[in-house]
Amino acid sequence: MASSCRLAGLVVLVAALASTLPVASRAQLEVGFYDAICPDAEDLVRQAVTTAVANNSGLAAGLVRLHFHDCFVRGCDASVLLTSTDGSAERDAAPNFPSLRGFEVIDAAKAAIEQSCPQTVSCADILAFAARDSVDLTGNIFYEVPAGRRDGNISIGKDTFTNLPSPNSTAAELIGKFTLKNLNAEEMVILSGAHTIGRSNCTSFFQRNRDRLASGTISPAYQALLEVLCSPPVATTDIDVSTPTVLDNNYYKLLPLKLGLFFSDDQLIRDDKLVPLVNAFAANETLWKERFAAAMIKMGNIEVLTENAGDIRLNCNFVNTRSSSSAGMIEKLFPDAGVEVAAT
Ligand code: HEM
Ligand SMILES: *[C@@H]1O[C@H](CO)[C@@H](O)[C@H](O)[C@H]1NC(C)=O
Ligand SMILES: *[C@@H]1O[C@H](CO)[C@@H](O)[C@H](O)[C@H]1NC(C)=O
Ligand SMILES: *[C@@H]1O[C@H](CO)[C@@H](O)[C@H](O)[C@H]1NC(C)=O
Ligand SMILES: *[C@@H]1O[C@H](CO)[C@@H](O)[C@H](O)[C@H]1NC(C)=O
Ligand SMILES: *[C@@H]1O[C@H](CO)[C@@H](O)[C@H](O)[C@H]1NC(C)=O
């Protein structure tokens, strides 16, 4: 009797452990992660972003893209911020250089945060907060950012080509790249709406759009305008011709008019599964904004490092040294020493 009671108790205990263990080891990100350990963290990021965007509104677009390019390559681990001495890091590779911008905003936020709570807030979380603040400033879309990401130590330029979609990607390729990151076709369409803000180097679309003109998938008047806008020495142009600094649903209204800038943008109306989504977001901005916020949160969850995995970098541009935090300080004080030098 007593022993069968103990046995039953044991079974219950094992069942309880079995049901709690996988949850505990999954280590979810949490809204308010820094509330107790660095209560000003999100405010300090917001201040850095607001200051920078007031000076240069284009940085909001830059910061949204920075978070996307971080998350798609090795997960949201701030690998995109690491520098190399030999041009081999993610940020040096063609999909990122020279177009990716906003690095100095992250550095400013990190410097302010290190002053109030040293070695507590990851660069990956700062990037996620900065992207959210940029979305809020340009689109009046606020969402809470689950946090607790930790920073990675590895950044390999070649990874950008395999993981990031190209402006020449077909609908099937776009869906494939997003599916690999646990984002479905609808979320791909929703997140592409970020192209309602920001600029593009003409080299990213110019040749391809001449082909599109021949195949009738770009408005001839738009192509003529782009030929003018891209005439040397001008090298970049707005992605959304209608409202380039406002995060709105105009992106989806432009696509059926053959006013999508990239071949990849235009692909969203060349696939029968995707067209109804484009039409729905063009018709209902509230719907798109709600789904955009949710998709940004989901993108921010890609392959995150949490708890004991990864690190809290002292300087977002460099990995910490292996030994103590005082060795890390050397790198912080003399960032020019570089990864290799400081690590030996
Ligand atoms: C769907 C596949 C995507 C492709 C093929 C793509 C491609 C591109 C390209 C080629 C540029 C211009 C870069 C240059 O100057 O050469 C660009 C800019 C931009 N992209 Fe995307 N992108 C995609 C998805 C996204 C997503 C998911 C986001 C964010 C959620 C995003 C946000 C942006 C922003 C904000 C800019 C403007 C950046 C600035 O002004 O600094 N893109 N994208
Ligand atoms: C404002 O922008 C200019 C050039 O775009 C830059 O040189 C300057 O450092 C910026 N100032 C601040 C406070 O960010
Ligand atoms: C545009 O891209 C080309 C080729 O990658 C590069 O040489 C040029 O510096 C870029 N221009 C700007 C303004 O980023
Ligand atoms: C896209 O295709 C065009 C040819 O249509 C090519 O010139 C360009 O380099 C390609 N761009 C990228 C980023 O692959
Ligand atoms: C637009 O989407 C919102 C959010 O999903 C929804 O509440 C609203 O009813 C939609 N409006 C129309 C006109 O369908
Ligand atoms: C990065 O290096 C630090 C220090 O050696 C280590 O604690 C951390 O776990 C490493 N992170 C990753 C993602 O390997």
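**Two ligand shells, some salt bridges and a surface patch**

Let's start with ligand 4. The residues around it are S166, N168, Q207, R208 and D211. Keep in mind that this is a predicted model.

How does the shell around ligand 4 break down by class? It has three polar residues, two charged ones and no nonpolar residue. Two contacts deserve a look. The side chain of N168 puts an N or O atom 2.4 Å from an oxygen atom of ligand 4. D211 has a polar side-chain atom 3.0 Å from an oxygen atom of ligand 4. Now the cover. On its own, ligand 4 has 360 Å² of accessible area, and the protein covers 49% of that.

Next, ligand 6. Which residues are around ligand 6? They are G152, N153, L305, G310, D311 and R322. Here, N153 makes the contact to show you. An N or O atom in its side chain is 2.4 Å from an oxygen atom of ligand 6. Taken alone, ligand 6 exposes 360 Å², and the protein buries 59% of that area. The class count for the ligand 6 shell is one nonpolar, three polar and two charged residues.

On to salt bridges. How many are there? The count comes to 15. I'll take three pairs and then a network.

Pair one is R149 with D125. Their closest N and O atoms are 2.7 Å apart. This pair links distant parts of the chain, 24 residues apart. R149 is in the loop between α5 (123-139) and α6 (158-163), while D125 is in helix α5 itself. Buried or exposed? R149 counts as buried because its relative accessibility is 2%, and the cut-off for buried is under 20%. D125 is buried too, with a relative accessible area of 0%.

Pair two is R291 with E186. These side chains also meet in a salt bridge, at 2.7 Å from N to O. Again, distant parts of the chain are linked, this time 105 residues apart. R291 sits in helix α14, residues 285-299. E186 sits in helix α8, residues 185-192. What about exposure here? R291 has 35% relative accessibility, so it counts as partly exposed. E186 has 26%, so E186 counts as partly exposed as well.

Pair three is R212 with D266. The N to O distance in this salt bridge is 3.8 Å. R212 lies in helix α9, residues 206-215, and D266 lies in helix α12, residues 263-266, so the pair ties together parts that are 54 residues apart in sequence. Both R212 and D266 are buried.

Then the network. Which residues does it join? Salt bridges that share partners bring E42, R46, R132, D133 and D136 into one network.

Last stop, the surface. There is a nonpolar patch of about 200 Å². Which residues make this patch? L225, L229 and V241 do. Let me place V241 for you. V241 is in the loop between β2 (236-238) and α11 (250-254). Why can V241 belong to a patch at all? Patch residues need over 30% relative accessible area, and V241 has 34%, so it clears that cut-off. By exposure class, V241 counts as partly exposed.

To recap. The protein covers 49% of ligand 4 by accessible area. For ligand 6, it buries 59%. R149 is buried, and so is its partner D125. R291 is partly exposed, as is E186. And V241 helps make the nonpolar surface patch with L225 and L229.

Terms used
Residues numbered from 1 in each chain as written. Chains lettered and ligands numbered in written order. Predicted model: local features only at pLDDT ≥ 70, side-chain atom pairs only at ≥ 80, totals over all residues. Heavy atoms only, no water. Patch = residues over 30% accessible without salt bridge, like charges linked within 9 Å, V, L, I, M, F, W, Y side chains within 5 Å. Areas by Shrake-Rupley, 256 points an atom, 1.4 Å probe, with all protein chains shown as cover. Salt bridge = Lys/Arg side-chain N within 4 Å of Asp/Glu carboxyl O. Helix = DSSP H or I, 4+ residues; strand = E, 2+ residues; numbered from the N terminus. Buried < 20%, exposed > 50% of the residue type's maximum accessible area, 1.4 Å probe, protein only. Near = heavy atom within 4 Å. Polar contact = N/O pair within 3.5 Å; in protein donor to acceptor, adjacent residues only side chain to side chain. Nonpolar A, V, L, I, M, F, W, Y, C, P; charged D, E, K, R; others polar.
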